[in-house]
Amino acid sequence: MNFASSIEAEAFLKQHPNVRSIEMFIVDANGVARGKLLHRDELLAAFQTGRPLPSSILALTINGDDVETSGLIWDVGDIDCMAYPLAGSLALQTWRNIPAGQVQVSMHPKEGLPGSVADPRHVLARTIKRLQADGYYPVMAAELEFYLLDQGRDESGRPRTAPQMNGVRPYTTQAYGLHELEQLQPFLDDLYDACEAQQLPARTAISEGAPGQVEITLQHRTDALLAMDEAVRYKRVVKGVANKHGFQACFMAKPFGNFAGSGMHMHISLADADGNNLFASEDPAGTPLLQHAIGGMMSTLVESLAIFCPNANSFRRFLTNSYAPMALTWGINNRTVSLRVPSGPASSRHVEHRICGADANPYLAAAAILAGTHHGIRAQLDPGPATTGNGYENAKEYLPIDWLAALRALESSEWAREALGQDFLKIYLATKLLEHRQFVGEVGEQDWRWYLTHA
């Protein structure tokens, strides 16, 4: 699991004598960072002998409620499980008013039982290991869109976009607008500084397809597990820097009904042991191996949908002509399909997976994508002809854009039990089905607006 040496902690403490506290976090199935704030005197021991965390920390809903049917609460007495710091994750939180550190931990495969069963990072690590055993080394990158919102609400209590440097709240789309990025310069400068301090490969910044919506790309990595580690830490950095500037960084899939949703596009290729791209081809459609990979992703897409779109709000993102794909489609240089083979040099040939919302857990999304890829390669699946033109109009099979239907498809999937692990899947489904019951059981503003008077 690439746990860190205590030498890393010793060097950090020596280099930063003014750091008094270190945020230790682990990522749960919802992608939420949970943990503790350690005193500097506790850091070295965490590296040497691990740090106990309750099994329940990985069996919580997105609202932090215990999932009693997970098997990780009363059944095991909420046992302490040992977690260890990940190599390279100890860094400064540059956005804090007082210098602080940050370190990511993961459950130890044995000392962390039973919590390690629920650790999403382990799910991805196992998937990568299976691919490598067959001679395939996944190369990945994540693109995450987010909104910058005001920390305060409007007079109706609803979220609103954050004001720019000129004090004006953005209200027009202005996709790829340079003025909009210029107005965010202080935030972006601090964000790039924070990413550099944490060795996160933040690259191009883009004003996205809605007011206040931003995307910053992350450089692809030949180590897919590292790429998703960086995606997780990047989200933590964005939220922290936004808070410093009086903003709220929002990674909801669809925070506003009349504006674009936020996605997490995943870029995937496979290399051999020497680092050569096995998808590379002068043919824009890539190699037969790439075609099999797409075939596998397509054949498992419905069963994976509750991983890629894990929340009720996730499904609000799917609208015709919205750049959020809605069908079992693939294409070449076509942004209306679910699985896109981008244009570019032959050596860069890869797949852009466009289904995930920005609210998806990067570890689990990557695991499902790679497991689908592996399935397609082993079975030599044919994805069928590429979709040309408008993928919304020319699709033959559409996705079930309903949360419960997606959860039931995952629940009944033999492939998912094998790919993600039966024990993990039990915990994940217990969590999401509880969230579904809580969500549909809550009566709110829309119910009153539609039915209070006339029903």
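## Helices, loops and contacts in a predicted model

Ten of the twelve residues of helix α7 are buried, so α7 is largely enclosed by the rest of the structure. Buried means under 20% relative accessible area, exposed means over 50%, and partly exposed lies in between (1.4 Å probe, protein chains only). This is a predicted model, in which local features need pLDDT of at least 70, side-chain atom pairs count only at pLDDT 80 or more, and totals for chains, interfaces and linings use all residues. Residues are numbered from 1 along each chain as its sequence is written, and side-chain values use heavy atoms, with hydrogens and water left out. Helices (H or I, at least four residues) and strands (E, at least two) are DSSP runs, numbered from the N terminus.

**Two enclosed helices**

Which residues of α7 are buried? They are Leu289, Leu290, Gln291, His292, Ala293, Ile294, Gly295, Gly296, Met297 and Met298. What covers these buried residues includes β11 (264–271), α8 (301–308), β12, β13, β14 (351–353) and α9.

Helix α9 is itself largely enclosed by the rest of the structure, because 15 of its 18 residues are buried. At the start of α9, a side-chain oxygen of Asn361 reaches to within 2.9 Å of the backbone nitrogen of Tyr363. After α9 comes Gln380, with a positive phi near 50°.

**Helix lengths**

The expected span of a helix is 1.5 Å times one less than its number of residues. The table sets this beside the distance between the end C-alpha atoms.

| Helix | Number of residues | Expected span | End-to-end C-alpha distance |
|---|---|---|---|
| α3 | 14 residues | 20 Å | 21 Å |
| α7 | twelve residues | 16 Å | 16 Å |
| α9 | 18 residues | 26 Å | 26 Å |

For α3, the distance agrees with the expected span. Its buried residues include Pro120, Val123, Leu124, Ile128 and Leu131. Asp119 caps the N-terminal end of α3, with a side-chain oxygen 3.0 Å from the backbone nitrogen of Arg121. Following α3 is Gly135, whose phi is positive, near 90°.

**Two helix pairs**

Two packed helices are described by the angle between their axes and the distance between the axes. Axes are lines fitted to C-alpha atoms, for helices over the stretch in contact, and angles run from 0 to 180 degrees between N-to-C directions. Angles under 35 degrees count as roughly parallel, over 145 as roughly antiparallel, 65 to 115 as roughly perpendicular and the rest as oblique. A crossing is left-handed if the near helix is turned anticlockwise from the far one by less than a right angle, and right-handed if clockwise. Contact means heavy atoms within 4.5 Å.

Take α1 (residues 6–15) and α2 (residues 40–49). These helices pack at an angle of about 165°, with their axes 8 Å apart. That makes α1 roughly antiparallel to α2. The crossing of α1 and α2 is right-handed. On the α1 side, Ser6, Glu8, Ala9, Glu10, Phe12 and Leu13 meet Arg40, Leu43, Leu44, Phe47 and Gln48 of α2.

Now take α5 (residues 185–197) and α6 (residues 224–244). Their axes come within 10 Å and cross at roughly 140°. The two helices are therefore oblique to each other. Here α5 passes α6 in a right-handed crossing. From α5, the contact uses Phe187, Asp190, Leu191, Ala194 and Cys195. From α6, Tyr234, Val237, Val238, Val241, Ala242 and Lys244 take part.

**Single residues**

Where is Gln93? Gln93 sits in strand β5 (residues 91–93). Gln93 is buried, with a relative accessible area of 1%. Its side chain makes a polar contact with the side chain of Gln102 (2.9 Å). A polar contact is a pair of N or O atoms within 3.5 Å; within protein, one must be able to donate a hydrogen and the other to accept it, and residues adjacent in sequence count only if both atoms are side-chain atoms. Leaving aside neighbours within four places in sequence, Gln93 touches residues including Glu23, Gln198 and Arg236.

Several loop residues have notable backbones. The peptide bond from Leu113 to Pro114 is cis, with omega near 0°. Pro114 lies in the loop between β6 (100–107) and α3 (120–133). Gln174 is not a glycine, yet has a positive phi of about 50°. Its loop runs between β7 (137–150) and α4 (178–183). Gln174 is partly exposed, at 41% relative accessible area. Asn333, also not a glycine, has a positive phi of about 50°. Asn333 belongs to the loop between β12 (330–332) and β13 (339–341). Asn333 is partly exposed, with a relative accessible area of 44%.
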